Every structure is written in structure tokens, then in C-alpha cells.
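Please open the structure in a viewer and keep the selection tool at hand. The stops below are meant to be followed in order.

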Amino acid sequence: MRILVIEDDTAISELICMNLQAAGYETEAIFDGDAAEAALKNEESGSAALALVDVMLPGKDGFELMEDLQRAQIPVIYLTAKDDVISKVHGLKAGAEDYIVKPFEVLELLVRIEKVLKRTGRGREKIVIRDVVIDLKEHSVLKNGEKVNLKPMEYELLVTLAQSKNVAFSREELLGRLWGVDYVGETRTVDVHIGQLRKKLDFHDVIRTISKHGYRLEDMEYEAMD
Amino acid sequence: MKLWIKMSAITAAVLLVSTGISGAAVIYHSARYNKEKTIENYEQQLNVAAYAVSRELEYEPFQNFSEATANAYYHYVIEKYDASMYILIEGEQVLCNLTPYELNNPGDDRWGGVEAYHMIQKLDNRYILVMGIRMPVAGSDEYKLVLVRDISKIYKDIRAQAFFYVRIYLAAVLMAVVLVFLMIKKALAPLRELQRAAQDISEGRLERRAKVHTSDEIGDMAAAFNGMAAQIENQVTELSLESERRRQMLGSLTHEMKTPMTSIMGYADSLLHVNLKKDQKESALQHIYTECGRLVRISSKLMSLIGMYDNDSICMEEVYVDDLFSAVAEMEENNLKKKNMTLSYSCHMDKKIMDKDLMISLLTNIVDNAVKASKTGSDIIMEAKEDRITVRDFGCGIPEDEIPRVTEAFYMVDKARSRKAGGCGLGLALCGKIAELHGAELEITSKEGEGTEVSVIWGNV
């Protein structure tokens, strides 16, 4: 799954790429508007699943690139330091799927990307972690080809962790995201479900406990992944 | 009270009182004159009559007459001289009275003076003049002649005259008041316009001017007022421009700070929560370090820029321009060495009044820019002559349409390349500010691909 990162600041570009790669995406960094316009014409870049676009770019700016991106049918998330309402409305009206204001949190970026991909029907169908295959279409989990029985919340928890793999979630975040705000505070629930996942999938060293924070599903093989 | 009412009222009051008093005085005097003249007339008549009657009385030996004869004689004499006017008296006895009046006090000595004595008596509504004199009859001073006359007509005339005067007086005053009122109203009309203009201006329509073109004091005042309004408009425009510039600068500043902050936060976040590989961790730390450096550079440049807006500790002194150049060359030595460049300078200027530190900062900033723009091994020339110091490079130049903007804070022609070279877009803004403090200005001429020339010109300020 290829994501275009159109951002002129090399540090930020590298930051985004680093995290997207860790979460299992393939990235292509482009540093100015004109280069982006050119890149969209070639097959490989033109078939990307999503584009993260900085609004203030040298050459063609982010808003001007919208036309080219729409022609290539690539959903756009704007990434910008401008947080005024007018820019946001302008960006969203022009057809952007989302609008993220700098500075942003890595997890927020990943979740938003995931949401946009899902909404535009480009969500990943399968996530492979070692010998475990999560089939997001069939809502099933296979380990070594054999089906593993997971309760619905265990499955949701696994998917959440796997979709942003290598990124840590705090217990509160997981609770809020999966059980809803009513459960906030009962972090024991998360621990119990994590325990179940570890046992059922033999993920004792894959789902790591991050002290004073939460959990992270680790999978260092991401470079080889598609 | 409105000024025009006040002025009209005062004028009317002054007119009323002054013309009233003078009119009354005139009437009073003319009345008195009339009366005196009339009395004088009668006095003459009385004198003549008294003399004539005396002669008649002397002429006849009427002591010998019987009382009836004497009476008849008196009647005869008095009738001869207008009987209706005189009363003849001897001692206390009225000898003959053919007037319609009765004299109450015929014995009164006042009637017997050598000079005529008179009094005016009011009877019913009539004024009666009574005037008596001793008759110069030889051998007797008991004879008196009294004149009685109705002089009401004089009073009636006076009254008619006064009444007539009052009418004219009122008409004249009314006319005068109306005239004064109209004149004041006309004279004050420009003040209303002035007031409206002032009101408009206070409501924010600063371009409003008073349309008063009279050549009087109000015209002068309107001209002064318009001058003031123009000045205020200028200053307000200047102020709003200045605040707009500052707002833009602050906007650029936050944006400019956001980029390194996004990196720092993002990398720190990644290091904390993301399972990174060893080389990625190192790269993240490196980025955090570099971006912090960028923040430090921005803040220190900004500090000097802000400092210069408020700082009055600028120290102006005479500086040898030659010394200035060698100081700049020394500071840039390392920078130049890295790109194997040379900085040559020629100085045809002796001394100049300046703040040495600020001027060094200005020149090093420009030389820094020149170094960044130049290729390895090229030259930079610094020159001072007449009223200017010029730094010339043979680098990439500035696109023509960007030249006016390069002195704006945070403006960068090529952001990506500029940041890589460690720029933050404040250098030339700083230089412009320093030049301004020295009463000089920055002139930039450049040709893309051929080089740039930046001059500090001590101008016509």
C-alpha cells in the first residue's frame, strides 16, 4: 500500500515516512509541487492509495495539486501549519478527505489515514504479522492456516493494534476507541483482553507492554511487507 | 444656548435699550423745548399786555370813577387785549376776570413779581398755564396781571410724537434683529459643516474634510481642521499598515516555528511510542537536534529584530570604515574557507557615524547570504565609496519579481534550499532595520544567474 508524502520540509517528510513505514505502509516522498505534478503522471506514483499533502509547497501549492490528484483518483489528506478555518474549509471543499494541522501526533495521523482508506474503499484487506493473518474482509484470524477463535472485542483490539503496528497505544486510548468513553478508567478490561490475545495467538513477545503507557504490537519485518 | 440665539438676543437687547434711551431722551428734550418756547411766547404776550394795560390804567384818572364805571373800564381794557386770557388783579382783589377759570389765590405774591412767574396746573385732563406779573403802573404796585391758558395741545402733540417714535423704533429694531439674525446664521453656517465633518471623522470616516471655503476666521479654522484631519488620516493609515506588518510577521513567525516544532514533537513522539530501528532512532535524534538549532536561530534573530524596534541603547559613534571591513572579513573567514571563497574589499571612505556592532551584523548577514548564493571558489567584493557600502557576489541571483519581497521577515526565495543552508528568512529583514536606524536604506540589484549587489546607501534622509 503506497502513500505519497508531498511535503517540502525534509525533516517532517522523513518523520512521516518513518512512521508510515513502521505501521506497514510503503511511502514515496516528494518535496515540491511541480515534482508531485510530474510524479502523478507515472504509473507507480499515480496508483498510490493516498496522498498526504502540505498546503504550502514550493512550485504548485497543495490546493493547486488537488486537480492532479483527483485526476489520478488519489484521496487527499492535507497536512498544514495553517489552522485557520478558512483554509480548512477551502481544503475540504476542494475535495480533501481530511485536514491535519501541524504539529500532529503520530497515532492521530495513522488513525486518520486508516479511516480515509476505509472510507474510500482502499482499506487493507489483510494484515500479516508473522504467522498470523488477519482477514479484515472475513473478520477472521488465521494462525498457521488454522482459524483462531476470538471474541468480538478481542478481534477489534487486535485489528486496532495491527493497523498501527509498531506504534504504542495507551490503555485509555484503547478503551476510548473500542469500548467507548463510558469505560474510561477501567483499564483492567484492556489488560484482560490483551492477555487473552497473547495466549490465543502466542503473541507474548509480539504485543509488548510499554511501561507507564500501554501496549504496542511489534513487527520489525515491515520493510519486506507489501 | 445656541450661539446664534445668544448673539441675536444680545444684539436685540442692546439695540432696544440704546435706541430706546436715546429716543426717549430726544422726545423728552423736544417736549421740554416746545413747552419752554410756548411759555416764553406767552410770557412775551403777558409782558406786552401788562405794559399796555398799565398805560391804559395810568392814562385815566379812574380813581375818581365810580366802582361800576371802574369795572366797566377794566372790562373794556382787558377785552381790548384778548379778554379770554387775562385776569386783572389789584392787591388781593380780582378786578376783572373774563376767563373761564377761577383764580384761587389772587393775593399770592408770586403773581406780583417784576419778572413773570408761571405754573402749570392740571385740571381734569387739561393742562392750564397760569402766569402772573406785576404791572408797571406808575404810582401803584398793587396791580397784577395773570394769564391763564389751556396748553393741553402741547402735551397731546408730545404724546403723539412719542407714540409715532415708538412705532418707528419698534419697526427699526425688529428689522435690525432680523438682519442680525440672518447674518449670524449665515456666518455660522460653516460651523455646522465643520461640526458634521468632525462627527464623521470621529465615527471613523477619516477621509472626510470640511467643505468650508470662506475667507474669514471660520475658513481659516476649517483649513486648520482639514490639515489636522489629513495628518490624523496619514498617521492612522501608517499605524494600521505597521500593525498589519507586525501581524503578518507574527503570523509568519508562528508558521515558521511550527515546522521545527512539528518535527521535534513528531520525532520525540515516535521515539517514545513507535518501535523504531536503531538507525531510525539515531536519525530521529539527529532531526530533533537540528530542528532545535533552527528554533534557536529563529529566536535569536527575532530577538535582535524586536530589540531594535524598542532598543534605545544604540551607540552611534565615528567608526573607521576600514576597521569595519577588516572586522567583517575576520568574522567571515571560516565561512568563506568552507567554500574556498575570497572576500576582497576596497575602502574609499574615511569615517562614518554608526553603531559598529549593528553595522558588522548587517554586513556579515549580507556576506553570509552572498556565500550561500555563490558557487565554490567564487569571489565576493565589498566596497565603500561616496555614500554607500556595497557587497557584490557572482552567485545565483534573485528572480526580479522577488526582489521587493526579500526584506520581508521570513520571506525566502527558495525555502527548501534556504533551510538546508541554515537560513530562516530573517537576515535581510534585520539588515533593512539596521540600515533604517542609520538613516540609510538597502538597495538590492540582482540578475538571475549573474549575481547580486546589495548596497547600504546613506541617503537623502
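**A strand pair in chain B**

Begin by selecting Ile87(B) together with Asn97(B) in β2(B), the residue that stands opposite Ile87(B). Bear in mind throughout that this is a predicted model. Next, extend the selection to β1(B) and to strand β2 (residues 93–97) of chain B, which pair in the antiparallel sense over four bridges. The two strands form a hairpin with two residues between them. In the turn, select Gly91(B), whose phi is positive, at about 60°.

Now display strand β1 (residues 86–90) of chain B with its surroundings. Four of its five residues are buried, so the strand is largely enclosed by the rest of the structure.

**The rest of the sheet**

Add strand β5 (residues 143–150) of chain B, which is antiparallel to β1(B) and joined to β1(B) by five bridges. Within this pair, Leu88(B) is found opposite Leu145(B) of β5(B). Then select strand β4 (residues 126–134) of chain B, which runs antiparallel to β5(B) and is linked to β5(B) by seven bridges. Here the residue to pick is Val130(B), which stands opposite Val148(B) in β5(B).

With these strands in view, show the whole open sheet: five strands of chain B in the order β2-β1-β5-β4-β3, with antiparallel pairing. At the edges stand β2 and β3 (117–123) of chain B; each has a single partner strand, so one side of each is left without a neighbour in the sheet. On average, neighbouring strands of this sheet are turned by 25° against each other, direction ignored.

To complete this stop, select helix α2 (residues 67–80) of chain B. The helix lies across β1 and β2 of chain B and runs at about 55° to β2(B).

**Where the chains touch**

Which elements of chain B should be selected on the side that touches chain A? Overall, 22 residues of chain B are in contact with 23 residues of chain A. The elements of chain B that give two or more residues to this side are α4 (217–273), α5 (278–310) and α8 (415–420). The largest share, 12 residues, comes from α4(B).

**Across to chain A**

Colour chain A by secondary structure: nine helices and 12 strands are found there. Of the 226 residues in chain A, 37% are buried. Among contacts in chain A with a separation of 6 or more, 55% are between residues 24 or more positions apart.

Select helix α7 (residues 152–163) and helix α9 (residues 188–201) of chain A, which pack at an angle of about 85° with their axes 10 Å apart. The angle makes α7(A) roughly perpendicular to α9(A). To view the contact, pick Met153(A), Glu154(A), Leu157(A) and Leu158(A) on α7(A), and His193(A), Gln196(A) and Leu197(A) on α9(A).

**The nonpolar cores**

The largest nonpolar core has 65 residues; those touching the most other members are Leu4(A), Ile6(A), Leu50(A), Ala51(A), Leu52(A) and Ile77(A). Helix α1 (residues 10–22) of chain A supplies the largest share of this core, seven residues. At least three residues come from each of domain 1 (2–119) and domain 2 (126–224) of chain A.

Centre the view on Leu50(A). Leaving aside residues up to four places away in sequence, Leu50(A) touches Ile3(A), Ile74(A), Pro75(A), Ile77(A), Ile113(A), Val116(A) and Leu117(A).

For the last selection, return to chain B and pick Phe325(B), Met354(B), Leu358(B) and Ala435(B), which are included in a second, separate core of 34 residues.

Notes
Residues are numbered from 1 along each chain as its sequence is written. Chains are lettered from A and ligands numbered from 1 in the order in which they are written. This is a predicted model: local features need pLDDT of at least 70, side-chain atom pairs count only at pLDDT 80 or more; totals for chains, interfaces and linings use all residues. A nonpolar core is a set of buried Ala, Val, Leu, Ile, Met, Phe, Trp, Tyr and Cys residues joined through C-beta atoms within 7 Å. A residue is buried if 20 or more other C-beta atoms lie within 10 Å of its own, exposed if 12 or fewer, and partly exposed in between; C-beta atoms are placed from the backbone. Domain bounds come from an automatic or database domain assignment. Two residues are in contact if their C-beta atoms, placed from the backbone, lie within 7 Å. Two strands pair if DSSP finds at least two bridges between them. Axes are lines fitted to C-alpha atoms, for helices over the stretch in contact, and angles run from 0 to 180 degrees between N-to-C directions. Angles under 35 degrees count as roughly parallel, over 145 as roughly antiparallel, 65 to 115 as roughly perpendicular and the rest as oblique.
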